[in-house]
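This report describes the fold, the charged side chains and selected contacts of one protein chain. Please consult the sequence and the structure below while reading.

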Amino acid sequence: QREAERAAVIEEATRGCQAKLDEVEDAVEAVAIAASPLEMDHDFDLQEMMDRAVQDTEERSRSAGAAISEARRFVTSRISVAQQQMSDGVAKAAMVKGLVE
């Protein structure tokens, strides 16, 4: 029963984490796509296109950074809640067994 309770806590804690990680992956991929014109060799003047690529890359980098920060906060909060629930469960189990007064 304790293992089932722990599994439920972990499942609840991880719910939504994969979606956040997918958002981060998409944001980082968007940065790579925006930056791809900057990696090309240019034999002719494409300064306007390059300036726009730099702007797009910077904008998407900021978005990716925000997504990473949000995901970090989300995962950290989920871990904190899970740890609290697990320690509450351990304390309750100990009280039931008469180990804690």
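Along its sequence, the protein chain follows the pattern α-α-α. It holds three helices and zero strands. The model is a predicted one. Two of the helices recur throughout this report: helix H2, which covers residues 17-35, and helix H3, which covers residues 47-96.

**Overall character of the chain**

The protein chain has 101 residues, and buried residues make up 19% of them. Its accessible surface comes to about 7700 Å². Carbon and sulfur atoms account for 54% of that surface. Among the contacts with a separation of 6 or more, 70% are between residues that lie 24 or more positions apart in the protein chain.

**Salt bridges**

Side chains of opposite charge can pair when their charged atoms come close. In this model the count comes to three salt bridges. The table lists each pair with the distance from N to O.

| Pair | Distance, N to O |
|---|---|
| Glu70 and Lys20 | 3.5 Å |
| Asp56 and Arg52 | 2.9 Å |
| Arg73 and Glu70 | 3.3 Å |

The pair of Glu70 and Lys20 is considered here first. Their side chains meet in a salt bridge. Because Glu70 lies in helix H3 and Lys20 in helix H2, this pair ties together parts that are 50 residues apart in sequence. The two partners also have their own degrees of exposure. Lys20 is buried, with a relative accessible area of 17%, a value that falls under the 20% limit for that class. Glu70 is partly exposed, with a relative accessible area of 31%.

Lys20 also has contacts to consider. Leaving aside residues up to four places away in sequence, Lys20 touches Glu70, Ala71 and Phe74. Glu70, the salt-bridge partner of Lys20, is thus named among these contacts as well.

Glu70 takes part in a second salt bridge, with the side chain of Arg73. Arg73 and Glu70 are three residues apart in helix H3, so about one helical turn separates them. Arg73 is exposed, with a relative accessible area of 51%. Salt bridges that share partners join Lys20, Glu70 and Arg73 into one network.

The remaining pair in the table is Asp56 and Arg52, whose closest N and O atoms are 2.9 Å apart. These residues are four residues apart in helix H3, and therefore about one helical turn lies between them. Arg52 is partly exposed, at a relative accessible area of 46%.

**A negative patch on the surface**

Which residues form a negative surface patch? The patch is made up of Asp22, Glu23, Glu25, Asp26 and Glu29. Glu23, one of these residues, is placed in helix H2. With a relative accessible area of 44%, Glu23 is partly exposed. Lys20 is placed in helix H2 too, but Lys20 is buried.

**The surroundings of Ala53**

Is Ala53 buried or exposed? At 4% relative accessibility, Ala53 counts as buried, because the limit for that class is under 20%. Ala53 lies in helix H3. Not counting residues up to four places away in sequence, Ala53 touches Ala34, Pro37 and Leu38. A further residue to inspect beside Ala53 is Ala35: the two are 18 residues apart along the chain, and their C-alpha atoms are separated by 6.3 Å.

**Summary**

The predicted model shows a protein chain of three helices and zero strands. Glu70 and Lys20 meet in a salt bridge, and Arg73 belongs with them to one network. Asp22, Glu23, Glu25, Asp26 and Glu29 form a negative surface patch, whereas Ala53 is buried.

Conventions. Residues are numbered from 1 along each chain as its sequence is written. This is a predicted model: local features need pLDDT of at least 70, side-chain atom pairs count only at pLDDT 80 or more; totals for chains, interfaces and linings use all residues. Side-chain values use heavy atoms; hydrogens and water are left out. Buried means under 20% relative accessible area, exposed over 50%, partly exposed in between (1.4 Å probe, protein chains only). Contact means heavy atoms within 4.5 Å. Patches are made of residues with over 30% relative accessible area and no salt bridge: like charges are joined within 9 Å, nonpolar side chains (Val, Leu, Ile, Met, Phe, Trp, Tyr) within 5 Å. Accessible areas come from the Shrake-Rupley method with a 1.4 Å probe; for residues, only the protein chains shown count as cover. A salt bridge is a side-chain nitrogen of Lys or Arg within 4 Å of a carboxyl oxygen of Asp or Glu. Lys and Arg count as positive and Asp and Glu as negative; His and the chain ends are not counted. The place of a charge is taken as NZ of Lys, CZ of Arg, CG of Asp or CD of Glu.
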